[in-house]
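Q: I should like to learn how individual features of a protein model are read. Could you take me through them in turn?

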Amino acid sequence: SFSLDGQVLAAGSEDHAVHAWRVEDGQRLAALSDHTNVVLSVAFHPDGRTLASGSADKTVRLWDWPAGQTRRVIPGSNNWVRSVAFSPDGATLAGGGYDRTIRLWQTASGELLHALRGTLRHVNEVAYSPDGRLLASASFDQPVRVWDAADGRLLHILSGLNGSVRRLAFSPDGRILAVSGDSREVRLWQAETGKLLQTLFIDQAFARTLAFSPDGRFLAIGTGLQTGALLLVETQTYQLRQ
């Protein structure tokens, strides 16, 4: 996870720590090591002063940054916490993992606001829409679920992707939700309505990662090819560029 100003990069590690580096010169700034098992996900708060981490020790931790001290331990998960994400205003933290439940906590107090259930297998990723009204979740049971972030209602179940769903990305304007997983395709849905807009087929490769350009004109797709091929899709025409 990058800090909002882009100056710091943080990542979880198998050594039970969150490591942070200064982007400009690659200097390591900290190793936050209070977790007792593998750290699977990290997310910076929009204010840049708080870092969240989810771990196989079944907890979420909030850290003061850059002091590197644990501010709060949020228990309640019954299994590994695989993904964490802050709402755009930073008021809410979402977490999902191996207990097939997505939890929404109040960032300031750690209070549990909602427990969203319905996935049949573990949750790989959670992502907020840019306006914070929607929360999308990707799961090993294939369908993508879109929730109302305010009250936890399930709004859409987006089915049809072949294989487990691993990655989600909202376009910067929040209109498009891109999804990829263990298949050679990327699907683009209209986030508000759940309407399927396009299916992009990737020859001889799995779509491993997704990211929209800041202006929303392009979707970058990182593939599973050994050559590390990166594909660019024009979001207006759906034309694929190598």
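The dialogue below treats a predicted model and takes its local features one by one.

Q: Let us begin with burial. Is His19 buried or exposed?

A: A residue counts as buried when its relative accessible area is under 20%. His19 has a relative accessible area of 10%, so it is buried. The residue belongs to strand β2, which covers residues 18–22.

Q: What surrounds His19, leaving aside its neighbours within four places in sequence?

A: With those neighbours set aside, His19 is in contact with Leu9, Ala10, Ala11, Ser13, Arg28, Ala30 and Ala31. One of these, Arg28, also makes a polar contact with His19, side chain to side chain, at 3.1 Å.

Q: How does Ser33 read by the criterion of accessibility, buried or exposed?

A: The threshold for exposed is over 50%. Ser33 has a relative accessible area of 52% and is therefore exposed. It sits in the loop between β3 (28–32) and β4. Apart from neighbours within four places in sequence, Ser33 is in contact with His16, Ala17 and Trp63.

Q: How far is Ser33 from Arg121 in sequence and in space?

A: The two residues are separated by 88 residues in sequence, and their C-alpha atoms are 29 Å apart.

Q: How should one describe a pair of aromatic rings, and how many aromatic pairs are there here?

A: Such a pair is described by the distance of the centres and the angle of the planes. Here the count comes to two aromatic pairs. For Phe44 and Trp65, the ring centres are 6.2 Å apart and the planes stand at 80°, so this pair is edge-to-face. The pair links distant parts of the chain: Phe44 is in strand β4 (residues 39–44), and Trp65, 21 residues away, is in the loop between β6 (60–64) and β7 (69–74). Both Phe44 and Trp65 are buried.

Q: Which peptide bond involving Trp65 is cis?

A: As a general matter, most peptide bonds are trans. The bond joining Trp65 and Pro66 is cis, with omega about 10°. Pro66 is located in the loop between β6 and β7.

Q: Backbone angles can be examined in a similar manner. What is the sign of phi at Lys58 and at Arg100?

A: Most residues other than glycine have a negative phi. Lys58 is not a glycine, yet its phi is positive, at about 75°. Lys58 lies in the loop between β5 (50–55) and β6, and its relative accessible area of 41% makes it partly exposed. Arg100, likewise not a glycine, has a positive phi of about 65°. Arg100 is in the loop between β9 (92–97) and β10 (101–106), and it is partly exposed at 44% relative accessible area.

Q: Let us turn to charged side chains. How many salt bridges does the structure hold?

A: A salt bridge is read from the distance between a side-chain nitrogen of Lys or Arg and a carboxyl oxygen of Asp or Glu, with a limit of 4 Å. The structure holds ten salt bridges. Among them is the one between Asp47 and Arg49, whose closest N and O atoms are 3.7 Å apart. Asp47 is partly exposed at 32% relative accessibility, whereas Arg49 is exposed at 53%.

Q: Which residues are linked with Asp131 in a network of salt bridges?

A: Asp131, Arg133 and Glu192 are linked in such a network. Asp131 meets Arg133 at 3.0 Å, N to O. Glu192 forms a salt bridge with Arg133, with the closest N and O atoms 2.1 Å apart. Glu192 lies in the loop between β18 (185–190) and β19 (196–201) and Arg133 in the loop between β12 (123–128) and β13 (134–139), so this pair ties together parts that are 59 residues apart in sequence. Arg133 is partly exposed at 43% relative accessibility, and Glu192 is partly exposed at 41%.

Q: What further polar contacts does the side chain of Asp131 make?

A: Asp131 lies in the loop between β12 and β13. Its side chain is joined to that of Ser129 by a polar contact of 2.7 Å. The side chain of Asp131 also reaches the backbone nitrogen of Arg133 at 3.0 Å.

Q: Finally, which residues form a nonpolar patch on the surface?

A: The patch consists of Phe2, Leu9 and Val23, which together have about 250 Å² of accessible area. Phe2 is placed in the segment before β1 (8–12).

Methods: Residues numbered from 1 in each chain as written. Predicted model: local features only at pLDDT ≥ 70, side-chain atom pairs only at ≥ 80, totals over all residues. Heavy atoms only, no water. Helix = DSSP H or I, 4+ residues; strand = E, 2+ residues; numbered from the N terminus. Buried < 20%, exposed > 50% of the residue type's maximum accessible area, 1.4 Å probe, protein only. Polar contact = N/O pair within 3.5 Å; in protein donor to acceptor, adjacent residues only side chain to side chain. Contact = heavy atoms within 4.5 Å. Phe/Tyr/Trp six-rings, centres within 6.5 Å; stacked < 30°, edge-to-face > 60°. Patch = residues over 30% accessible without salt bridge, like charges linked within 9 Å, V, L, I, M, F, W, Y side chains within 5 Å. Areas by Shrake-Rupley, 256 points an atom, 1.4 Å probe, with all protein chains shown as cover.
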